[in-house]
Amino acid sequence: MKKRLVLVVALILIATMVFVTGCGKKEEPKPEPQAEAQEEAEEEAEEEAEEAAEEAESVVPEELLGETNGSTYVNDFFGFRLDGTDNWYLLEKSELMELMGLAASSADASMAEILENTGYAMDLYGINLTQMAENPNAYDNVNATIQDIGKIYGIIYNEKQIAEASVETIKQTLAAQGVEVVSVDVGESNFIGKNCVSMTIVSKAGDITMYQKQVYLKNGSALACITATTFMEDRTDEVLAMFKAE
């Protein structure tokens with residue numbers, strides 16, 4: 001059953017994985033300079049960031065990742081947890097690797113090694129089994145992607161800048177998949193008891209409307225992106241409300 005679950009959710013994952021391309025390892029897009037003075041200011045900021053980065057401690061991949069135990073996921077580094085209910089299934093690490101398309105080439109690799117080698121790793125994927133039984137093509141799901149954006153960019157860019165730099169990439173990627181983009185908005189949402197930068201995406205595939213909300217948590221050069229996806233009705237806040245501060 002677990003293997004079948006992985007194969008089914010992979011179809012829905014297509015619309016979620018585009019967020020990884022928006023803020024990849026050490027290649028965070030920078031705004032186009034509007035004037036020479038702005039360009040010089042950015043270069044100066046980068047030089048200062050390089051100096052600060054040299055003094056910063058290195059990111060240890062194992063420390064960024066959480067632990068999944070049954071229907072519970074805990075990430076101490078970013079300070080949040082998910083206590084799911086009986087109708088939610090959280091994929092195990094081996095299933096996450098299969099979902100990321102890494103099982104064949106990385107059978108012996110750990111998730112920490114994948115994070116170190118690629119700059120990102122999907123550390124959590126949860127499925128609402130009750131809804132899946134009713135509609136195997138449109139059911140609530142949630143995922144958490146952990147990324148290493150690099151020391152320099154971790155210093156220069158905040159969560160809002162990272163989200164805003166991803167908007168056009170998300171629109172183009174969804175459109176390329178034949179999905180109609182209704183709206184992509186950057187704002188703030190309450191997550192684990194605090195205001196966090198969030199991105200809200202509404203899109204349509206045929207007569208199915210998809211609602212997604214992604215919240216960003218940054219800790220040094222590490223970034224956690226938690227994405228809730230629902231269909232036909234916007235229940236993303238309900239899904240994100242399952243998370244608590246650790």
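**Figure 1. A hairpin joins strand 1 and strand 2 in this predicted model.** Two residues sit between strand 1 and strand 2 in this hairpin, and one residue of the turn, Gly 70, has a positive phi of about 65 degrees. Strand 1 covers residues 67–69 and strand 2 covers residues 72–75; they run antiparallel and are joined by three bridges. To see one of these pairings, look for Asn 69, whose bridge partner in strand 2 is Thr 72.

**Figure 2. Strand 2 also makes a hairpin with strand 3.** Here four residues lie between the strands, and Gly 79 takes a positive phi near 75 degrees. How many bridges pair strand 2 with strand 3? There are four bridges, and the pairing is in the antiparallel sense, with strand 3 spanning residues 80–83. Thr 72, which is the bridge partner of Asn 69, has Asp 83 as its bridge partner in strand 3.

**Figure 3. Asp 83 and Arg 81 meet in a salt bridge.** Follow the two side chains to where they come together: the N to O distance is 3.0 Å. Are these residues buried, exposed or something in between? Asp 83 counts as partly exposed because its relative accessibility is 35%. Arg 81 has a relative accessibility of 22%, so Arg 81 counts as partly exposed too. Since buried means under 20%, Arg 81 falls outside that class because its value is 22%.

**Figure 4. A salt bridge within helix 8 links Glu 168 and Lys 171.** The closest N and O atoms of this pair are 3.9 Å apart. Where do the two partners sit along the chain? Both lie in helix 8, which runs over residues 159–176, and they are three residues apart, or about one turn of the helix. Glu 168 is partly exposed because its relative accessibility is 46%. Lys 171 has a value of 31%, so Lys 171 is also partly exposed. Elsewhere in the model, salt bridges with shared partners join Arg 81, Asp 83 and Glu 246 into one network. The count for the model comes to seven salt bridges.

**Figure 5. Asp 140 and Arg 235 form a salt bridge.** The closest N and O atoms of this pair are 2.6 Å apart. The salt bridge links distant parts of the chain: Asp 140 lies in the loop between helix 6 (129–134) and strand 6 (141–148), while Arg 235 lies in the loop between strand 10 (222–231) and helix 9 (236–240). How far apart are Arg 235 and Asp 140 in sequence and in space? They are 95 residues apart in sequence and 8.2 Å apart in space, going from C-alpha to C-alpha. Asp 140 is buried because its relative accessible area is 4%. Arg 235 has a relative accessible area of 18%, so Arg 235 is buried as well. Leaving aside neighbours within four places in sequence, Arg 235 is in contact with Gln 131, Asp 140 and Thr 230.

**Figure 6. Seven strands form an open sheet.** Trace the strands in the order 4-5-6-10-9-8-7, and you will find that the pairing is antiparallel. Which strands lie at the edges of the sheet? They are strand 4 (88–90) and strand 7 (180–191), each of which pairs on one side only. From one strand to the next, the twist averages 20 degrees. Within the sheet, strand 6 and strand 10 run antiparallel and are joined by eight bridges. One pair to find is Val 142, which stands opposite Ala 228 in strand 10. Helix 5 (residues 111–118) packs on the sheet and touches strand 5 (120–128) and strand 6. The direction of helix 5 makes about 125 degrees with that of strand 5.

**Figure 7. The whole chain puts the close-ups in context.** The secondary structure comes to nine helices and eleven strands. Of the 246 residues in the chain, 47% are buried. Among contacts between residues at least 6 apart in sequence, 60% join residues at least 24 apart. The chain exposes about 12,200 Å², and carbon and sulfur atoms supply 46% of that area. How confident is the prediction, and where is the pLDDT below 50? The mean pLDDT is 78, and 72% of the residues reach 70 or more. Over residues 1–29 the pLDDT is below 50, and this stretch has 82 contacts in the model beyond near neighbours in sequence.

Conventions. Residues numbered from 1 in each chain as written. Predicted model: local features only at pLDDT ≥ 70, side-chain atom pairs only at ≥ 80, totals over all residues. Heavy atoms only, no water. Salt bridge = Lys/Arg side-chain N within 4 Å of Asp/Glu carboxyl O. Buried < 20%, exposed > 50% of the residue type's maximum accessible area, 1.4 Å probe, protein only. pLDDT = per-residue confidence, 0-100. Contact = heavy atoms within 4.5 Å. Areas by Shrake-Rupley, 256 points an atom, 1.4 Å probe, with all protein chains shown as cover. Pairing = 2+ DSSP bridges. Axes fitted to C-alpha atoms, helices over the stretch in contact; angles between N-to-C directions.
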